[in-house]
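Work through the exercises below with the model open. Try each task before you read its solution.

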Amino acid sequence: MRRARGWAVLVLAAALPACSGGEPAARPAPPSASASPSPVRPPSPTPSPSPAVTPAVTSGRLPCPPAYAPPDPARPVLTAELSVDGRAVVGTSRVVFTPDLPTGELVFRLWAAAPRPRAAGSRIDVTRVVVNGVTRTPRRPSPTLLRIPLAGRTPAGTAVTVELDWRLRLPVGANDRLGARGSTAWFGSGLPLLAWVRGAGWATDPETAQFAEAATSEVMELRSLSVTRAPGLAVLATGEQVSDDGRTAVFRARAVRDVLVATGAFRTSRAAGPAGKEVLVGVSRGLRDDPAAVARELARAMRVHSARFGVFPYERLVAAVVPDLRGGVEFPGAILLGDGQAIGDPTGSHEVAHEWWYGLVGANQARSPWLDEAFATYAEGLDRGTAAAYARRPVPAHGRNRVGAPMSYWEGRSAYSRSVYTQGAAMLLAARAAAGAAAFDDALRCHVRRNAHRVTVPADVEVSLRHLPAAVEVLRRYGAL
Ligand SMILES: [Zn+2]
């Protein structure tokens with residue numbers, strides 16, 4: 001996720017009081033003593049337990065896997081059918097879930113009811129729940145949390161089939177991941193999202209009111225996603241397109257942790273990425289972006305990042321340029337962009353970098369937002385030659401050396417972007433300099449392979465860097481470890 005920068009921020013600054021990261025990336029802030037990390041590590045603001053099994057850190061370089069770790073063969077399988085009509089989306093999701101730990105409930109997150117979209121009129125209701133053929137009554141203790149009790153405790157390794165009927169009303173005017181305007185509708189994290197993490201259990205972390213994510217989900221097989229819309233409109237969605245008869249388009253994906261759908265009268269263009277991966281861009285009617293130029297820029301970023309981290313991990317990359325959004329939001333194999341955010345702006349490169357950092361190598365975004373945002377900003381900064389300038393940006397005192405703080409710490413604080421994105425990128429750049437660029441790049445490439453398709457924790461980064469103690473020390477100093 002990335003806030004709008006450049007012209008959009010100048011125009012909209014008054015409406016974005018929390019937009020601390022809003023200046024153009026190409027204009028470095030003057031050098032400031034406050035940008036230098038303090039040698040004293042502050043108390044960790046993240047006392048919560050790790051969301052996954054934490055590997056023991058010993059010493060020595062781990063063997064580098066030859067390729068990405070494959071997705072878990074027992075990962076959840078999602079089949080969904082939905083229909084879009086203006087602001088209204090009606091759908092059914094069917095999930096086959098095989099827990100690796102015993103559980104007495106199922107937990108889904110309803111991110112369409114998070115504070116930002118909710119404030120713009122977003123609403124999601126789950127109207128029917130059937131588990132293994134039996135109707136269940138869920139509880140909804142908070143707007144984004146749906147708890148479904150099971151008849152008894154389900155042992156590890158036993159498949160549970162759950163079917164949910166749901167209704168989504170899209171917000172209007174939200175600078176966020178869901179919205180509708182004119183004939184265009186878009187919703188990322190709009191479907192109920194199973195919140196299981198292998199080795200840890202249910203992720204029930206609080207929602208955030210920031211321009212940020214708090215979602216956590218492991219990869220699933222998207223066996224079939226059917227999207228029905230009015231004739232004449234196009235559909236852009238996560239995964240490869242299997243069919244489209246003009247009313248219903250069907251998509252599927254091997255291993256994704258979330259879903260984006262956008263429908264509308266898009267001007268579209270395609271560009272060839274590396275290794276035969278295609279970039280498809282749709283620009284909503286009335287917006288100024290040139291879809292061919294956006295597609296070329298995203299394909300360029302895909303080439304740069306894949307050379308650094310590994311092959312692009314999805315079937316293709318689709319991007320929808322939509323109204324009301326000021327910045328960009330990442331989903332596996334799919335991106336939402338605001339108008340004017342891809343050309344001459346870091347947002348396109350940033351969101352493409354998330355396909356590795358968030359998409360392929362996952363994290364609990366509520367507890368450790370730096371695991372995706374610092375790495376995506378670092379990748380974007382290396383790509384655009386702006387990384388060194390990030391190190392000179394001042395960081396407010398409450399954010400200094402708190403790269404590893406959770407979203408609950410940043411709630412109500414204005415320095416989230418500056419402290420986690422920019423300071424986090426500066427931290428990784430400093431770690432790279434301390435360890436040597438070639439050794440650091442190699443360690444991150446191996447880290448991506450080792451942790452592909454997983455939900456990682458900060459200790460996983462530490463393990464992957466343990467043969468580079470100077471880099472680990474930098475991450476400790478900045479409060480990331
Ligand atoms: Zn981001």
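Buried means under 20% relative accessible area, exposed means over 50%, and partly exposed lies in between (1.4 Å probe, protein chains only). This is a predicted model: local features need pLDDT of at least 70, side-chain atom pairs count only at pLDDT 80 or more, and totals for chains, interfaces and linings use all residues. Residues are numbered from 1 along each chain as its sequence is written, and side-chain values use heavy atoms, with hydrogens and water left out.

**Exercise 1. The salt bridge of Arg 61**

Task: Is Arg 61 buried, partly exposed or exposed? Find its salt-bridge partner and place both residues in the chain.

Solution.
Step 1. Apply the cut-offs. Arg 61 has 42% relative accessibility, so this residue counts as partly exposed.
Step 2. Find the partner. A salt bridge is a side-chain nitrogen of Lys or Arg within 4 Å of a carboxyl oxygen of Asp or Glu. Arg 61 meets Asp 442 this way, with N to O at 2.4 Å.
Step 3. Check the partner. Asp 442 is partly exposed too, at 23%.
Step 4. Place both. Helices (H or I, at least four residues) and strands (E, at least two) are DSSP runs, numbered from the N terminus. Asp 442 sits in helix α9 and Arg 61 in the loop between α1 and β2, so the bridge ties together parts 381 residues apart in sequence.

**Exercise 2. The disulfide**

Task: How many disulfides does a search of the whole structure find? Give the handedness and the location.

Solution.
Step 1. Set the criterion. A disulfide is a pair of cysteine sulfur atoms within 2.5 Å.
Step 2. Count. The search of the whole structure returns 1 disulfide. Cys 64 is joined to Cys 446, with S to S at 2.1 Å.
Step 3. Locate the ends. Cys 64 lies in the loop between α1 (7-12) and β2 (77-85), and Cys 446 in helix α9 (residues 437-451). The two are 382 residues apart.
Step 4. Read the torsion. About the S-S bond it is about -100°, so this disulfide is left-handed.
Step 5. Compare accessibility. Cys 64 is partly exposed at 28%, whereas Cys 446 is buried at 3%.

**Exercise 3. The zinc site**

Task: Which atoms coordinate the zinc ion? What spacing do the donors follow along the chain?

Solution.
Step 1. Set the criterion. Donors are N, O and S atoms within 2.8 Å of the metal (3.2 Å for Na, K and Ca); water is not among the atoms, so sites may look incomplete.
Step 2. List the donors. They are Met 1 (N), Met 1 (O), His 350 (NE2), His 354 (NE2) and Glu 373 (OE), at 2.0 to 2.3 Å.
Step 3. Write the spacing. The pattern is M-x348-H-x3-H-x18-E.
Step 4. Place two of the residues. Met 1 is in the segment before β1 (2-3) and His 350 in helix α4 (residues 347-353), so the pair ties together parts 349 residues apart in sequence.
Step 5. Check burial. Met 1 is buried at 0%. His 350 is also buried, at 0%.

**Exercise 4. A sheet and a hairpin**

Task: What is the strand order of the open sheet of 4 strands? Which residue takes a positive phi in the hairpin of β17 and β18?

Solution.
Step 1. Set the criterion. Two strands pair if DSSP finds at least two bridges between them.
Step 2. Read the order. It is β10-β11-β19-β16, with antiparallel pairing.
Step 3. Find the edges. β10 (178-181) and β16 (234-237) each have a single partner strand, so one side of each lacks a neighbour in the sheet.
Step 4. Take one pair. β10 and β11 (residues 184-188) run antiparallel over 4 bridges. Within this pair of strands, Ala 180 stands opposite Ala 185.
Step 5. Go to the hairpin. β17 (residues 240-244) and β18 (residues 248-256) are antiparallel and joined by 4 bridges. Asp 244 faces Ala 249 in β18.
Step 6. Inspect the turn. There are 3 residues between the strands, and Gly 246 takes a positive phi near 95°.

**Exercise 5. More salt bridges**

Task: How many salt bridges does the whole structure hold? Where do Arg 116 and Asp 176 lie?

Solution.
Step 1. Count. The search finds 24 salt bridges.
Step 2. Take Arg 116. Its closest N atom is 3.4 Å from an O atom of Asp 176. Arg 116 lies in helix α2 (residues 115-119) and Asp 176 in the loop between β9 (160-169) and β10, so parts 60 residues apart in sequence are tied together.
Step 3. Compare accessibility. Arg 116 is partly exposed at 25%, whereas Asp 176 is buried at 5%.
Step 4. Look for a network. Salt bridges link Asp 72, Arg 198 and Glu 218.
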